[in-house]
Each structure stands twice: as C-alpha cells, then as structure tokens.
Amino acid sequence: MDFFPRLFWTLLGTASLCYFVINIALGYWKRRGILHEKPKKPWGHLKGVGRKRHVYEVLQTLYDKYKGQAPFVGFYALLKPMLLILDLESIHYILLKDSKYFMDRGLYYNIQDDALSQNQLQMDGPDWQHMHLKLKSLQWQEKIQNMLPALLKVQQTFATALKDKLPNSQMKQNISELVEGFNIDCISSLAFGLEGDSLRYRNTQFHDMCKSYTKSNFNIVKAYLAFCFPNIARLLQYYMYSPEATQYFQKLISDKLNEREYQRTQPMQYDFLQLWCDSRKISQRNQMFKKFENQEIVGQAFSFILAGLESSTTTLACCLYELALQPEIQAKARQEIREVLGKHNNKLNEEGIRELVYLKQILNETLRKHSPYPFLLRLTTKDYELPNSVFMLQEGNHLIIPTSAIHHDAKYYANPDKFDPQHFHSTQVQQRPACAFLPYGIGPRACIAQYFVQQQMLVCLTTLLQQYAFTPCEETSIPLTYDNSKLLKKPKKDIWLTMEKL
C-alpha cells in the first residue's frame, strides 16, 4: 500500500529537482545582466529545431532583431549558455586581432578512444597547437599549390566517366550524387592514395565508409552531453565514430604509407599523403622535426571527409541549381571558361584557374547564399574584455558567429536573397569588411585546406559547364528547402536537373 505514495513523492521530487536545475541553467544570462531573448523551457532557443526549423533560421531571427543593440546577446543551446556575436568589429577581434584568447572551438574529441577525432577540426588546446605546428613546419600552404596535377588527374577520370554515364544528348540527372562522386574521388586520391571512379563504381567500401562513419547507435543526446561535459565523456570513453570506420581508415592509411615508404613507390603527382610521408623522412634526417605518427595521419586524412565532403557537395549542387535557374549567368560563365581554356590549349593549369574570375564570383555567391556552415564556434580560453565596450567574455564562454545571417545582411549585400555574382565583383568586395564573408572562417583556426577546396570546386564546375548545359526538370525542387535535421545547411532533397550535352 505504501508503494504508490512513495512513487508519487519520488516523481514529484525528481520533477521539482529538474525544474530547479532548468531554471538555474536558463537564468545564467539574466544573472550576468546580458541582453538575451527569453528562452523556452527546456529547449532554450532551439525549440522546433530539427523538425520545423533549421538552426540557421533561429540565428538569423536573433541576428536581425538584436544587431546594433549590443556586440553580442545571450543564447541557449538547450540548457547550454552561449554567446551570439553580432558585431563585425567584435568578430574581427575574436577571429583575428586577439585570436589567442579564442583558439579553441570547444568541440568534443577523444584521442585515446576515438582515433578519427584526432583532426584539426575537432582538437583544441595543446593537442591542436602541436598538430598545427607540425603542419606549419611542412610549409603546408606552399605544398598545396603543387597538388593541381593530382587534382587534374581525378578531373580527367571524371570527364571520361561523364561521357559513359550520360550517353544521351539530354537526360535528367541527380546532381547531388554526381558532384559527390567527384568529391569522393578527390579525397580518396589525394588524401588516401586510392584511385577512384565513383561515377562508374559507386558501391566501393571507401564510398560506404565516407557515408557511414558515425557509429550505428549514435545518440544526439549523448553527443550533446559530450559537448557540454567533455572531460566526463572522455572518462566514460565516449566515442562518436564507428569502430568499423576507424579500423578501415587506420588500415588503409597504414597500408598506403608502407607502400610509399618501404616499397618506395612514388605517385606520379604530388598529394597530401605524400606530404605526410615526406614529413617522416625529414624527421629521420632532422631530429628537431617531429614526424607524423600513423594515427595523426589517419585523423588528418579523415578530416577531409568530415569537414569537406558534404560541404563541397552541397556547394557545387546548389551552384549548378542557381545556374540552371539563371541561364544568362550560366552562359556568361561558360563563355569565360571557353575563353580561358582557349588561351591555354584547352587544358586547365594554375594560371588558367586564376583567370576564372567570374566563375569564382559565382562560387563565392553560392557560399554566401547557401552557406554550408551556418555558424562558427569559438571557446574563450581566457577572460577577455571586448574593445570599446563594457562587456567581459569569461573563460569557458562558448561563442557562436552566425555566418549565414551575416551573409544575408542587406547592409553588406544588396538584395541578399537574390543570387547575384556581382556581390563579389572586386569593387563590391573592397567596400565590405573582411568579416562580412566567412565561408572558410578566418584567422589561425580557418580551414587550413581552403585554397585546395576552392580549386577542387572550380575544376569540377569548369568540367561540367564546359561540356553540359543545365536546366530545371520536373524533379527540381523550387524553391530550395533545407534539411532541418542537419547542422549543415544542405538541401532537404537531392537536386535534380536536366543535363544537355553541348
């Protein structure tokens, strides 16, 4: 008879405790006197995100409402207090001028139990600094410029496969799948030393692992708790990536390193894997130079999949979608491509890519309008007082920089909802602050491979636009909608277009 009263008081006590904890958590910014939108319990400012709304819409609404009132406002990701940075001058200090106070992203990683998380995107603190110095000592940026021949080899395979895949003069095509195949081949070839042809041979193990590297029982709640309490998560040996994917990528890198180091096989073109191989040879000659361990190379190679695959695929698919809707822009881009190639014997090279000025404007406009990463994350590692303000950022504060919202600010881009490559004409760019365009981030924690990624996307667009015209078809979703369940700002459905061979 005592069971039900005890159950009642237990549930009441638990509910009261939860209510108390939620109230304390969602009162953080009020206690600090920071301007903020009243949060919803227990969602904070994320109510409806994942179902009815995308996170970029929430950030856009808060940005439009509070910009000009304060350099930042309080934000709650469920119960996690964060700061939404609104002022470009403050962003300039955070990302560039005083970046030493904001060198961490605050993402979860676990080197001991989750080897794939040992990458430049996720690591923070001494672990990131150690890896960053190693990459810097390799003259990373200078060496990337030597990788164009390897990229063009992938492009030649892609162009040949297109002829076989699209034998008819005109047919409907899944553009998202098409450009994804090119991007996977670029990553498999230049970062893992594999020769791929995803348009002809899609069902490979590498392709499968690129699409399913998270563990099968991945839980968003556990991932959120790991983000909020990383030290506890590491103590509990929490990992994000599947053991199958980890073992596959570890074995693949180990085998390829053995091929190149011990069998002395050299690639015909220079690539990222060779860059890491060379670092190990340098360390044998120079004791001051610390070599890359196998595990570190695995993490860096995997970062191309983690940070670059979906974002590049989304950007290229959205770019072709916009060009299909505006044939005059598409025709102008094709004319530039043919003129540039005509000057260089119908072959792409470093100089030719630099001359694709209008195509770069189109690519940048796609990155602006369809920003694949709608925000940047930073973690305050020391107390910092924002210049020209009375506000103090405290150590441990997570910061959100709403890149997509900034990219849609009419103050910096006239008619921000319109796809207009003129937004990136040189005269327009010179009139804007540098922090008004942040597709790759900026400063020490910017995308370290952004030069290569831009080349990769330009080469893909050049190959497609030179040979094919793109128009909408019955399966084309107009207007484009985004997948609310993803943090990445990507289309809800694959983009389909009609491709006509020229």
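Let me begin with Lys172, which counts as partly exposed because its relative accessibility is 38%, where partly exposed lies between buried, under 20% relative accessible area, and exposed, over 50%, with a 1.4 Å probe and protein chains only. Before going on, I should say that this is a predicted model, in which local features need pLDDT of at least 70 and side-chain atom pairs count only at pLDDT 80 or more, while totals for chains, interfaces and linings use all residues. Residues are numbered from 1 along each chain as its sequence is written, and side-chain values use heavy atoms, with hydrogens and water left out.

Lys172 forms a salt bridge with Glu474, their closest N and O atoms being 3.1 Å apart; a salt bridge here is a side-chain nitrogen of Lys or Arg within 4 Å of a carboxyl oxygen of Asp or Glu. Lys172 lies in strand β3 (residues 170–174) and Glu474 in the loop between β8 (468–471) and β9 (496–501), so the pair ties together parts that are 302 residues apart in sequence. Helices (H or I, at least four residues) and strands (E, at least two) are DSSP runs, numbered from the N terminus. Glu474 counts as exposed, because its relative accessibility is 66%.

The structure holds 19 salt bridges, so let me turn to some others. Glu355 and Lys343 form a salt bridge in which the closest N and O atoms are 3.4 Å apart. This pair links distant parts of the chain, with Glu355 in the loop between α16 (350–354) and α17 (357–369) and Lys343 in helix α15 (residues 327–343), twelve residues apart. Glu355 is partly exposed, because its relative accessibility is 22%, whereas Lys343, with a relative accessible area of 58%, is exposed.

Where, then, do Arg368 and Glu365 lie? Both are in helix α17, three residues apart, which is about one turn of the helix. Their closest N and O atoms are 2.8 Å apart in a salt bridge, and both Arg368 and Glu365 are buried. There is also a network of salt bridges that links Glu177, Glu180, Arg202 and Lys211.

Finally, a word on helix α12 (residues 243–262), whose 20 residues reach 27 Å from first C-alpha to last, close to the 28 Å expected at 1.5 Å a residue; that expected span is 1.5 Å times one less than the number of residues. The buried residues of α12 include Tyr248, Phe249, Leu252 and Ile253, and among them are also Lys256, Arg260 and Glu261.
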